[in-house]
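Let's take a relaxed walk through this protein. Have a look at the sequence and the structure first, then read on.

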Amino acid sequence: YICSDGTSGVLVTLLRTRDRSVIEAVVEYLKREASEKFADFEGYFTSGEYFCIAARYFDGMNLRRRLERENCTLRERLETLKNILEKAILLHMPEYFLCDAMKPEGIIVTPSLDISFNYGLEEIKDCRGVTMERCRQRIAVVLELLFKRELKKKMLMPVWNYHNTLLSDEFSDLMD
């Protein structure tokens with residue numbers, strides 16, 4: 001669900017479940033990884049017989065749609081990539097949420113190239129199994145979308161090298 005706090009107007013994606021296997025898989029992870037550090041995580045709670053997880057939701061044009069509808073310059077695409085990575089670092093995203101956010105449909109880009117993330121929470125049951133390798137693969141997909149022509153023609157070597165590094169190297173965290 002997409003919900004709004006009536007007083008503040010903050011929008012959240014709300015996952016509501018009664019599935020015990022989901023609850024057992026995520027409670028410890030959320031307590032340990034997301035509760036205090038991760039700025040877009042709004043919390044978890046029970047409501048009757050349901051367990052609920054809430055993460056920030058932002059209205060706006062997603063990255064895929066923006067690239068399809070607008071003729072973005074190379075400079076704009078480079079700035080967008082910088083802003084995506086910078087925002088992910090500043091949010092202190094646990095690996096599951098980083099991986100979930102790195103979908104072109106979940107990256108919200110404003111006209112001034114500010115970035116926000118929307119979280120689908122579809123694969124939350126597998127949160128403990130998400131690795132940095134999977135996150136790197138998702139970031140590589142975003143890079144491929146932003147620089148499809150340049151990567152294909154090997155025109156922009158720093159981006160091409162970064163893409164290859166994402167697909168081959170091991171990173172312990174997003175800062176690496």
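Which residues form a positive surface patch? They are K148, R149, K152 and K153. Keep in mind that this is a predicted model.

## The positive patch

Let's zoom in on one member of the patch, R149. You'll find R149 in helix α6, which covers residues 148-153. R149 counts as exposed because its relative accessibility is 51%, and the cut-off for exposed is over 50%.

## Strand β4 and its partners

Now jump to strand β4, residues 50-56. This strand is mostly covered, with 5 of its 7 residues buried.

β4 has strand β2 (residues 11-17) as an antiparallel partner, joined to it by 6 bridges. One pairing to look for is L15 with I53 of β4. Strand β3 (residues 41-47) also runs antiparallel to β4, and 6 bridges join these two. Here S47 has Y50 in β4 as its bridge partner. The hairpin of β3 and β4 has 2 residues between the strands, and G48 in this hairpin takes a positive phi near 65°.

## Two unusual phi angles

Most residues other than glycine have a negative phi. So what is phi of H92 near? It's near 55°, a positive value in a residue that isn't glycine. H92 sits in the loop between α3 (74-90) and α4 (95-101), and it is exposed, with a relative accessible area of 52%.

K154 isn't a glycine either, yet it has a positive phi of about 50°. Look for K154 in the loop between α6 and α7 (157-168). At 49% relative accessibility, K154 counts as partly exposed.

Definitions and conventions
Residues numbered from 1 in each chain as written. Predicted model: local features only at pLDDT ≥ 70, side-chain atom pairs only at ≥ 80, totals over all residues. Heavy atoms only, no water. Patch = residues over 30% accessible without salt bridge, like charges linked within 9 Å, V, L, I, M, F, W, Y side chains within 5 Å. Areas by Shrake-Rupley, 256 points an atom, 1.4 Å probe, with all protein chains shown as cover. Salt bridge = Lys/Arg side-chain N within 4 Å of Asp/Glu carboxyl O. Lys, Arg positive; Asp, Glu negative; His and termini not counted. Charge placed at Lys NZ, Arg CZ, Asp CG, Glu CD. Helix = DSSP H or I, 4+ residues; strand = E, 2+ residues; numbered from the N terminus. Buried < 20%, exposed > 50% of the residue type's maximum accessible area, 1.4 Å probe, protein only. Pairing = 2+ DSSP bridges.
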